[in-house]
Amino acid sequence: MAAVLKLLDLHYESFHDVEPYATATGHPVPTDTRGWSQILVSVLTGVKGLERKKGADLDDGSDVKGANTWEAIDTPRFNGVIKAGTKAASSGNMTSLDAMPHLYLVLWDDTSRGTARCRIWVVRPQTDPVFRAMCAAWYAKRQSGEIVSDNFQLHPPRGQDTNVIRNTCGNLTYPLYFCAERAADGSYSVVTYDAAAPVTGVCSPA
């Protein structure tokens, strides 16, 4: 866990060290939320990436989605959570979930108390009945033409102390795997760590 907290501190410091330069020059703060989120999940779980190869984000077939509210211009959300609109055989149907043991959702935000926070929720797409039902409903609406977008989005609880993540086809309470907050002394500490969440966690209707 020490390596996880060190990585969180490094992410925070690198972001806020460059932020004044970005603001002064009128540019967005350069940060790779996707990359940081994937590295964080690998450090936390011990599951590596694909060594820069194409495919899933982790070498066990799991995916990682990240969102960061810090200095955000648009509304941060988890994008492209399930496959649609590509040429892959699993695109646009439930088979993409059958090959994904875990889906990790990483949110970097600030609490209502003004402290920096990082939360990770975990889903088991192969077996979670409530999550799968929501995805099936979205695929059905897309096939019927009611939904025309290829982008399945999840809207995280930005700045809120809740585990409810929203989608047009279902607002669900997601299993919280990990949460850390940055204290006034300038370092992160663990608030929540549920080692059982990737094994037994399930979503529930909100």
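Helix H1 (residues 2–25) lies across S1, S2, strand S3 (116–123), strand S6 (176–182) and S7. H1 runs at about 55 degrees to S6. Helix H2 (residues 33–45) also packs on the sheet and touches S1, S2, S3, S6 and S7. The direction of H2 makes about 115 degrees with that of S2. All of this describes a predicted model.

The two helix angles are set out here.

| Helix | Reference strand | Angle |
|---|---|---|
| H1 (residues 2–25) | S6 (176–182) | about 55 degrees |
| H2 (residues 33–45) | S2 | about 115 degrees |

Now the sheet itself. It is open and has 5 strands, in the order S1-S2-S3-S6-S7. The pairing is mixed. Strand S1 (63–68) and strand S7 (188–193) stand at the edges. Each has a single partner strand, so one side of each is left without a neighbour in the sheet. From one strand to the next, the twist averages 15 degrees.

S1 pairs with strand S2 (residues 103–110) in the parallel sense, over 6 bridges. One bridge can be named: Ala67 has Leu107 in S2 as its partner.

Next, a pocket. The second largest pocket holds about 410 Å³ of space. It is lined by 19 residues. Closest to its centre are Thr33, Asn68, Ala72, Asp74 and Pro76. Which strand gives the most to the lining of this pocket? S1 does, with 4 residues. By residue class, the lining of the second largest pocket divides into 9 nonpolar, 6 polar and 4 charged residues.

S1 thus appears twice: at an edge of the sheet, and in the lining of the second largest pocket.

Definitions and conventions. Residues are numbered from 1 along each chain as its sequence is written. This is a predicted model: local features need pLDDT of at least 70, side-chain atom pairs count only at pLDDT 80 or more; totals for chains, interfaces and linings use all residues. Side-chain values use heavy atoms; hydrogens and water are left out. Two strands pair if DSSP finds at least two bridges between them. Helices (H or I, at least four residues) and strands (E, at least two) are DSSP runs, numbered from the N terminus. Axes are lines fitted to C-alpha atoms, for helices over the stretch in contact, and angles run from 0 to 180 degrees between N-to-C directions. Contact means heavy atoms within 4.5 Å. On a 1 Å grid over the protein atoms alone, a cavity is a set of points where a 1.4 Å probe fits but cannot get out, and a pocket is an open set with protein on both sides within 12 Å along at least five of seven lines; lining residues have an atom within 4 Å of a point. Grid points are joined across faces, edges and corners, and a volume is the space filled by probe spheres set on the points. Ala, Val, Leu, Ile, Met, Phe, Trp, Tyr, Cys and Pro count as nonpolar, Asp, Glu, Lys and Arg as charged, and the others, Gly among them, as polar.
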